[in-house]
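Student: I have a two-chain model open and would like to talk through it. Could we start with what holds the chains to each other, and then look inside?

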Amino acid sequence: MSLLNKTLLGLINPIIARRVVLFHSIALLALGCGRPAAESATKSEFRVALLTPGPISDQAWNAAAYRGLERIRDSLGAEISHIQTKTPAEFEENFRQYGAKGYALVIGHGFEFQEAAQRVGPEYPRTVFVTTGGEGTGPNIAALSFAFDEPSYLAGMAAAAVSKSGVLGEIAGTELPPVQASFAAFAAGARSVRPDATVLTAYIGNWDDAGAGKEQALAQIARRADVIFQNADAAGLGVFQAVREHPGTWIVGSNADQNALAPQSALGSVVIDLPHAFLLVARDVKAGTFQPRVVRFDIATDVVRWVPNPATAGVPAAVQARIDSTRARFARHEFTVPAGRP
Amino acid sequence: MDALAALWDGAFGSSYAFWSATLVRATPLLLLGLSVALAFRAGVLNIGAEGQLAVGAIAASAVALTWAGAPRPLLVPLMAGAGAGAGAVWAGIAAVLRRRFGVLEVISTLMLNFVAAALLSWVVRGPLQEPTHIYPQSPTFAATAHWPFLLPGQRLHLGFAVGLIAALVAWHWLAHRAAGLRVRLVGAGPRASASAGGVDVARTTFGVFLVSGALAGLAGASEVGGVTWALYEGLSPGLGYTAIAVALLARLDPRGVIASAVLFGALDAGAAAMQRDAGVPSVAVQVLVAGIVLAVLAMTQLRTARAAARTGPDEAAA
């Protein structure tokens with residue numbers, strides 16, 4: 001019976017979600033009417049494209065990437081194009097289309113784009129293909145690597161310090177390698193402050209079902225978790241909702257600065273400053289000085305950061321001092337996240 | 001208007017757009033649409049094409065990775081066979097449940113979609129994971145497992161030809177063969193076909209169920225062999241559900257499925273171009289595409305209604 005219920009819910013949820021999207025898109029359509037003319041007026045030689053695996057309205061991973069694309073347009077006068085893609089077949093096809101149109105820089109926003117970059121790259125040598133994550137490189141192929149585990153470790157320390165129950169939750173979309181590394185670091189950070197901390201981990205199974213995200217969060221709260229580290233993009237908005245409804249529970253945001261999503265309950269956000277990283281890469285590509293390689297951004301580059309929520313200064317001073325010193329040791333490359341149990 | 005021009009150009013604007021974008025996207029929809037159309041014709045509401053596609057892709061990938069050293073003319077048919085076989089077995093579970101226990105196939109095939117999705121995500125993290133064990137995907141297949149391209153310089157692959165042949169065979173079989181007649185009879189009225197026509201209803205629906213599953217499994221094999229050359233978790237963005245619309249738009253006629261699969265492929269390719277070239281947000285693109293499909297549906301509906309008015313209801317139904 002409950003299985004059937006779940007299926008029905010599963011069927012209905014996307015319908016509700018799509019309704020919301022529909023409404024949203026009509027508004028966007030109205031807003032977007034005057035745009036193409038303006039864009040063709042500022043035609044530029046330097047063209048940059050972004051492929052995202054999800055909607056740029058997620059206020060997280062994809063939204064931050066789109067802001068990065070906009071910053072490249074505003075700072076470097078680039079002509080920009082964005083497409084949301086779902087399947088590996090689409091990744092490859094769109095890489096090809098941008099390559100054929102002579103784009104200077106094409107960014108595939110996720111490690112999952114690296115195969116497509118490897119296949120298409122050699123055919124369009126004048127285009128630089130960059131994937132956010134992954135480690136595939138080539139004469140015109142580069143990968144951005146983010147030490148997301150470093151600020152996740154700091155977040156774990158802060159989370160353990162404010163937790164009353166000693167139970168921490170982690171919720172993500174699917175089991176992707178960078179997410180697993182970040183969760184392991186969060187748990188390690190927490191145990192460095194509180195060795196007996198219990199860490200619950202849940203994967204929703206997708207990155208866009210906010211209803212399922214909320215359900216997972218409620219389940220963890222019921223198991224006495226009082227700090228939840230979410231990394232689920234659009235589905236994570238459901239986690240935020242669950243936490244807002246349960247005062248006394250904290251949430252840690254991911255990728256973008258999500259503190260404003262729950263000003264009362266956000267402990268902080270583990271941020272990747274994607275706009276900054278994209279701009280650094282695009283500047284080099286435009287100047288013709290870009291060296292295709294794995295470009296690593298860690299705490300020392302300030303592209304990945306632990307951003308506490310100033311409205312909720314709940315971390316005791318002693319732990320805060322330890323967080324600050326750990327951060328400094330990360331920045332000096334004197335410390336790496338210890339490998340440990342997740 | 002810019003947006004609509006981009007939609008058209010992205011689907012038909014160049015030879016690359018037509019052969020490599022539109023038809024490549026139409027290929028899985030053609031096979032899946034046939035799978036759904038055949039099943040529905042026999043009154044089997046198989047909505048499990050999505051899951052049958054997934055197991056077909058898994059089986060074809062397993063074959064491709066296990067016998068990478070085999071010559072291409074042997075390996076490619078083997079992959080196709082494995083995909084079709086796996087799809088048939090997957091559909092067979094629902095078929096047995098229906099025949100033995102009377103379980104509604106709408107529920108069982110839908111449930112099996114979730115099981116297949118879970119199976120796929122386990123396989124790419126377990127037995128078929130790439131050698132570094134970091135990414136949830138299989139290694140890339142050896143060149144011997146790549147399905148041949150049909151045209152030089154285009155990405156259109158063997159899968160489309162297979163789909164075309166399958167559509168013509170299915171049409172001929174339904175229209176001109178005794179077995180096809182039985183399928184149509186069972187779909188039109190199972191009780192009447194059993195009592196008056198002497199048709200073994202259970203056996204006919206069981207057989208159609210398996211064929212339907214095999215076609216969907218073949219679509220999975222064709223995607224991994226012809227397009228991605230590796231097994232991924234997010235292989236299908238709900239192709240198995242889109243296929244239901246493809247089949248219904250074609251009024252369950254296999255010849256019509258060819259046209260409607262190409263239409264959906266074109267819309268998909270054009271939608272991508274709209275985002276790329278006209279800067280239309282992806283959500284707005286989805287709305288526009290849904291609007292076009294509705295308009296086409298309304299037009300075909302209107303035409304049949306008119307035809308019915310002219311010739312009388314019996315003629316139009318036949």
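Student: Which residue forms a salt bridge with A:Glu90?

Tutor: Bearing in mind that this is a predicted model, B:Arg25 forms a salt bridge with A:Glu90, and the closest N and O atoms of that pair are 3.8 Å apart.

Student: And how many salt bridges are there between chain A and chain B in total?

Tutor: The count between the two chains is three salt bridges, and there are also ten residue pairs in polar contact between chain A and chain B, counting pairs with both residues at pLDDT 80 or more.

Student: Which parts of chain A supply the side that touches chain B?

Tutor: At least two residues each come from helix 1 (2-32), helix 2 (35-41), strand 2 (79-84), helix 4 (88-100) and helix 5 (114-120) of chain A; the largest share, nine residues, comes from helix 4. By residue class, that side of chain A divides into 15 nonpolar, eleven polar and eleven charged residues.

Student: What about the overall extent, so how many residues are in contact and what area is buried?

Tutor: In chain A, 37 residues are in contact with 34 residues of chain B, and the area buried between the chains is about 3,200 Å², with carbon and sulfur atoms giving 57% of that area.

Student: Changing topic: where is A:Thr52, and is A:Thr52 buried or exposed?

Tutor: A:Thr52 sits in strand 1 (residues 47-52) of chain A, and A:Thr52 counts as buried because its relative accessible area is 0%, where the cut-off for buried is under 20%.

Student: What does its side chain pair with?

Tutor: The side chains of A:Thr52 and A:His82 are joined by a polar contact of 2.9 Å. Beyond its neighbours within four places in sequence, A:Thr52 is in contact with residues including A:Asn62, A:Ile83, A:Gln84, A:His109 and A:Phe113.

Student: Now the nonpolar cores: how many residues are in the largest, and which have the most contacts inside it?

Tutor: The largest nonpolar core has 87 residues, and B:Leu32, B:Met79 and B:Leu231 are those with the most contacts inside it; helix 2 (residues 15-41) of chain B gives the most to this core, with twelve residues.

Student: What does B:Leu32 touch?

Tutor: Not counting residues up to four places away in sequence, B:Leu32 touches B:Ala49, B:Leu53, B:Ala216, B:Ala219, B:Leu239, B:Gly240 and B:Ala243. Apart from the largest core lies another, of 67 residues, with A:Val128, A:Ala142, A:Leu176 and A:Phe229 among them.

Conventions:
Residues numbered from 1 in each chain as written. Chains lettered and ligands numbered in written order. Predicted model: local features only at pLDDT ≥ 70, side-chain atom pairs only at ≥ 80, totals over all residues. Heavy atoms only, no water. Contact = heavy atoms within 4.5 Å. Buried area = accessible area lost by both parts, 1.4 Å probe. Salt bridge = Lys/Arg side-chain N within 4 Å of Asp/Glu carboxyl O. Polar contact = N/O pair within 3.5 Å; in protein donor to acceptor, adjacent residues only side chain to side chain. Helix = DSSP H or I, 4+ residues; strand = E, 2+ residues; numbered from the N terminus. Nonpolar A, V, L, I, M, F, W, Y, C, P; charged D, E, K, R; others polar. Buried < 20%, exposed > 50% of the residue type's maximum accessible area, 1.4 Å probe, protein only. Core = buried A, V, L, I, M, F, W, Y, C linked by side-chain atoms within 4.5 Å.
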